[in-house]
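Below are some notes on the helix packing, the cores and a few individual residues, for you to check against the coordinates.

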Amino acid sequence: MFINKVLGTQELPSRAQYYMRTFLYLSMIISFLASLSSTFYVLFSIDQIGFALTAVCTSIMLATQLIFDYPSGSLGDWIGQRWVLAIAFIFYGLSFLFLISAHTFVDFAFIAIINGFGNAQSSGAFSTWVDNNYRVAVGDADPERKIYGFSTSRVNSLNNFALAASFMVGGTIATLISRRIVFTIQFGLTIIIIFLLLAYLRDIKIDEDTPIEPSELKTSRVSNYFKYLKGGAQFLFSSKAAFLFLIGNAVYNVTWMIWGGLILFPLYFGYTGTDALAGLLRTTLFLAGIPLSFYIATLNKRISNERLPIFLFLSTIFFFPSFIILTLLMPPANEFNLLGIALTFFLLWSIVGTVFSMAQTLQQRIMIDLVPSEFRNSVYSLMPTIFSLIGIPVVPLAGIIIENYGLHAGILTAGIVCVIGSILISFGMYFKKKPELEPVKTFIPDVQAIAYES
């Protein structure tokens with residue numbers, strides 16, 4: 001099959017190939033849905049209630065996610081990721097429905113609560129499904145997870161087609177008709193997504209062909225929610241490596257909440273001046289990144305996991321100072337600026353498409369074996385919980401800084417957070433011994449399935 005060749009999974013067992021294909025197809029569909037309004041969602045909020053209150057709404061969303069995230073992850077380990085994802089997309093649908101008529105801070109705060117609850121349900125679920133099923137289905141065929149890293153990198157690359165189409169379609173509809181019409185379309189598509197998740201995202205069947213011992217099979221059927229709730233937290237404190245690596249990832253991700261939530265889209269709009277042109281810029285950027293990311297996926301096979309700190313620091317050093325200089329010399333003015341567009345395009349394409357992409361893939365390769373399958377969803381949801389704890393005070397602070405000192409000051413704030421996260425991850429790698437693959441300890445029965453990551 002052609003798609004197996006593209007994903008580099010030809011040599012894997014057929015079931016492993018199936019899960020990677022399903023991962024690709026569902027990722028593209030969900031990305032198209034989620035990204036239709038992503039170019040102007042933040043701008044829509046800023047236009048209605050301003051930078052500072054938009055940042056406050058982001059913190060409200062994070063606070064809601066903080067409360068429900070870890071319990072929801074444990075719930076996913078207990079009853080199956082498919083069901084918590086269905087709940088998540090019900091709430092996403094409601095958020096799009098309420099956005100259609102949102103005008104005031106109260107409206108956006110309520111929507112933030114709904115999105116926070118949806119994020120709590122969905123966080124880590126898709127990754128849990130892919131990682132757990134891959135570990136079982138692949139057996140000993142990919143001992144160093146290099147095929148896994150290559151395949152997931154290719155999935156991210158192909159996913160750019162869906163993102164590019166979504167940016168273009170959403171931006172065009174918003175410009176020609178209205179932003180609220182796009183929210184209406186997203187509400188309808190969310191309903192379709194729910195049925196797709198329930199129909200196709202099922203776990204590997206536990207049968208005589210599955211490499212799980214009878215004692216482990218018994219453990220996987222124990223319906224003990226509190227066991228999962230406790231297990232994820234215990235793993236966090238199980239070693240210096242686990243603690244520092246996971247905390248570092250949480251801090252690192254706060255960077256991208258600041259960047260994506262407060263900086264990136266005002267930057268797009270600031271140099272283009274319209275939703276349609278901002279969407280066109282994002283579309284072109286993602287399409288241009290596909291050949292580069294294909295090459296990076298191939299190169300990734302030759303890179304050891306221990307190189308992760310190098311790529312983290314390279315990306316930080318090149319990325320944030322470049323955008324600080326750009327916004328100082330050429331402040332975004334919400335009007336067409338060809339030079340600003342060209343420089344933004346080049347910096348995002350060259351840095352994000354190379355060192356950032358490499359770092360992301362290496363992190364995924366480490367996580368698949370660092371975290372035990374039994375508590376994977378709990379751990380993957382614990383990280384956003386920690387992320388929310390950090391982000392709740394930091395994101396509003398960044399919003400206030402941007403409103404008072406400009407976009408470049410916000411970029412500096414994001415860069416400082418990124419450096420701290422990279423240092424913690426690097427210490428986690430330092431304390432981490434050379435990884436040794438462990439057998440899958442437990443697995444979720446077929447009636448309990450899975451779904452979506454961000």
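1. A helix axis here is a line fitted to C-alpha atoms over the stretch in contact, and angles run from 0 to 180 degrees between N-to-C directions; helices (H or I, at least four residues) and strands (E, at least two) are DSSP runs, numbered from the N terminus. The model is a predicted one, in which local features need pLDDT of at least 70 and side-chain atom pairs count only at pLDDT 80 or more, while totals for chains, interfaces and linings use all residues. Residues are numbered from 1 along each chain as its sequence is written, and side-chain values use heavy atoms, with hydrogens and water left out.

2. Helix α7 (residues 146-176) packs on α14 with the axes 9 Å apart and at an angle of about 135°. The two helices are therefore oblique to each other, given that angles under 35 degrees count as roughly parallel, over 145 as roughly antiparallel, 65 to 115 as roughly perpendicular and the rest as oblique. The crossing of α7 and α14 is right-handed, a crossing being left-handed if the near helix is turned anticlockwise from the far one by less than a right angle, and right-handed if clockwise.

3. Which residues meet where α7 and α14 pack? From α7 they are K146, Y148, G149, T152, S153 and N156, and from α14 they are Q360, T361, Q364, R365 and I368, with contact meaning heavy atoms within 4.5 Å. By class, the residues of this contact divide into two nonpolar, seven polar and two charged, where Ala, Val, Leu, Ile, Met, Phe, Trp, Tyr, Cys and Pro count as nonpolar, Asp, Glu, Lys and Arg as charged, and the others, Gly among them, as polar.

4. T361, in helix α14, counts as buried because its relative accessibility is 1%; buried means under 20% relative accessible area, exposed over 50%, and partly exposed in between (1.4 Å probe, protein chains only). Leaving aside residues up to four places away in sequence, T361 touches G149, S153 and N300. N300 belongs to helix α12 (residues 275-300) and is buried at 0% relative accessibility. With the same sequence exclusion, N300 touches M358, T361, L362 and R365, and its C-alpha atom is 8.6 Å from that of S153, although N300 and S153 are 147 residues apart in sequence.

5. The largest nonpolar core has 88 residues, and those with the most contacts inside it are F245, W259, L308 and F323; such a core is a set of buried Ala, Val, Leu, Ile, Met, Phe, Trp, Tyr and Cys residues joined through side-chain atoms within 4.5 Å. Helix α11 (residues 240-272) supplies the largest share of this core, 19 residues. Among the residues that F245 touches are L308, I366, L424 and M429.

6. The axes of α11 and helix α16 (residues 407-431) come within 7 Å and cross at roughly 160°, and the pair is therefore roughly antiparallel. Their crossing is left-handed, and their contact has 24 nonpolar, seven polar and one charged residues.

7. N249 also lies in α11 and is buried at 6% relative accessibility. Beyond residues up to four places away in sequence, N249 touches Q363, M383 and I425; the C-alpha atoms of N249 and P384, 135 residues apart along the chain, are separated by 9.2 Å.

8. N334 sits in the loop between α13 (308-329) and α14 (338-370), where its phi is near 55°, a positive value in a residue other than glycine. At 47% relative accessibility, N334 counts as partly exposed.
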